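Please study the sequence and the structure shown below before working through the exercises.

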Amino acid sequence: MLDVVLAALRDGAVRRGGPLPAGGPDAVAWNLAPLLAPRALLPDTGDPQALRLLTEALAVSAADPADPSCAAHLHVPPLAVATAADLAASALNASLDSWDQAPGSTSVELAVLRVLAGLVGFDRPESAAGVLTTGGTESNLMGLLLARDAPSTTTGSTNAAAVPHPAYPAHTRPTIHCSAAAHFSVARAAAILGLGADAVVPVDTGPDGAMDPRLLDWALADARTAGRTPLCVVATAGTTDLGAIDPLRSVAAVARRHDVRLHVDAAYGGGVLFSRRLAPLLDGLGQADTIGLDLHKLGWQPIAAGVLLARDASLLAPLEQRVAYLNPEDDEDAGYTSLLGRSLRTTRRADAFKIAVTLRTLGRDGLGALVDRCHDLAREAAARIAALPSLELAAEPVLTTVLFRYLPARADPDRVNAALRRRLLAQGRAVIGRTALGTGPGSVRLKLTLLNPHTTTADLDRLLGLVLAAGVRAERDAEAEAEQEDQETNL
Ligand SMILES: *Cc1c(COP(=O)(O)O)cnc(C)c1O
């Protein structure tokens with residue numbers, strides 16, 4: 001079956017012939033339709049060819065992060081060794097909720113967490129704890145949940161009890177403070193936790209996209225003056241667009257002065273810890289109470305490989321669960337450690353295994369070299385963009401993203417940039433990102449997220465060549481459309 005899958009992946013990639021299937025959504029749907037029709041998907045009698053047929057069809061219609069022109073998102077080509085290790089995890093099918101479903105996998109997860117706790121620079125890594133998550137979204141939810149349900153230092157009761165229902169008047173409600181460029185999952189987590197998405201108080205960033213700790217200081221003081229309870233500061237180590245890193249040491253000092261929990265969303269930036277050259281960017285990370293890391297970003301793991309770390313195991317207490325059929329107390333006392341009480345999930349696959357294999361196969365230097373290479377690629381791409389008169393670089397890259405736009409002579413730049421990106425998607429020739437820098441007219445930007453260490457500078461030149469060519473075409477179309485609109489108004 002492995003041979004079947006590998007051959008189908010290869011054949012599918014050849015038939016696709018680029019980073020994604022040409023023809024856009026209609027062509028993809030049309031090509032898959034015969035295989036996905038209800039009668040084809042659940043026939044009365046099974047089809048032994050299904051693995052080959054569906055795998056090849058999926059490969060033909062995939063966005064392939066291993067193609068150097070697939071550079072839109074924090075979407076990595078997974079390391080082959082990690083993918084192979086993940087197959088072992090699938091085959092053994094350990095479930096981390098109880099020791100008797102995951103004897104060795106429990107030890108592997110704890111060992112991986114110990115290594116990562118050392119890497120982030122906690123003062124006493126031996127007291128730290130954590131859990132594997134599905135990613136930054138779950139890690140942020142957990143970080144906020146742990147802050148919400150932490151025992152209050154003054155009353156001993158949990159904040160959960162003290163948290164008024166969101167229907168209470170806004171001025172008494174708890175607050176969460178993060179930069180205006182923080183990930184959207186912070187606000188969603190606040191909503192899920194019953195705090196209301198408007199519990200999130202965004203702190204303005206400087207032009208570099210990083211939080212200004214003085215503004216954070218004032219916002220925390222203001223919240224208290226207004227009778228609200230600051231629950232948590234969420235710092236971002238690597239924003240999704242600019243890769244901006246909040247000044248962690250200063251932010252930690254402010255949070256400590258106000259006696260507020262600090263969660264660091266290092267989903268993107270956390271991986272730079274492997275690079276001796278770039279790790280200093282995360283100076284102060286070890287001061288955090290809880291940290292989210294995503295090794296399916298700068299860690300090149302197959303999805304999912306999220307991690308939540310807590311400075312001290314006691315911070316995870318709000319997650320504790322005692323279930324008669326999973327982790328009875330006397331089993332725990334006898335040394336049968338079950339990880340149920342560290343996760344929001346029950347059944348949970350052994351995502352730490354592929355990380356363990358990767359750490360040992362590549363070593364810190366091997367992973368650091370991949371991080372450095374992608375950072376170098378981003379800087380090289382930025383230099384090329386800055387040198388091209390019809391492209392405008394938005395900012396020097398911090399991590400591995402490059403924001404820029406095509407500059408049309410007359411046409412609306414937002415319209416042209418949006419159209420040029422869709423043109424590349426429809427051709428199946430390149431997957432580049434699109435985002436907004438600020439709001440309103442003129443905010444549309446294109447984004448390269450460079451996470452493929454095998455990409456060469458020749459690949460970058462080719463990709464930028466595709467962008468320029470698509471830009472010229474999109475500009476011409478936009479001018480023609482504008483002219484037609486003018487004529488229609490004149491009529
Ligand atoms: C990717 C990302 C997230 C979300 O993580 P998922 O793994 O997609 O759940 C959160 N925060 C930041 C800064 C990210 O880059």
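Two exercises with worked solutions follow.

The model is predicted: local features need pLDDT of at least 70, side-chain atom pairs count only at pLDDT 80 or more, and totals for chains, interfaces and linings use all residues. Residues are numbered from 1 along each chain as its sequence is written, and side-chain values use heavy atoms, without hydrogens and water.

**Exercise 1.** Describe the largest nonpolar core.

*Solution.*
Step 1. A nonpolar core is a set of buried Ala, Val, Leu, Ile, Met, Phe, Trp, Tyr and Cys residues joined through side-chain atoms within 4.5 Å; buried means under 20% relative accessible area (1.4 Å probe, protein chains only).
Step 2. The largest such core comprises 54 residues, and Leu262, Val264, Ile291, Trp300 and Leu309 have the most contacts inside it.
Step 3. Among the elements that each supply at least two residues are helix 6 (103–120), strand 6 (261–266) and helix 13 (352–387); helices (H or I, at least four residues) and strands (E, at least two) are DSSP runs, numbered from the N terminus.
Step 4. Helix 13 contributes the most, 7 residues.

**Exercise 2.** Which residues of Leu309's surroundings, beyond four places in sequence, are in contact with Leu309?

*Solution.*
Step 1. Contact means heavy atoms within 4.5 Å.
Step 2. With neighbours within four places in sequence left aside, the partners of Leu309 are Leu113, Leu116, Ala117, Val120, Phe122, Ala129, Gly130, Asp289, Thr290, Ile291 and Leu293.
Step 3. Apart from the largest core lies another core, of 27 residues, including Ile385, Phe404, Leu420 and Leu466.

Terms used. Buried < 20%, exposed > 50% of the residue type's maximum accessible area, 1.4 Å probe, protein only.
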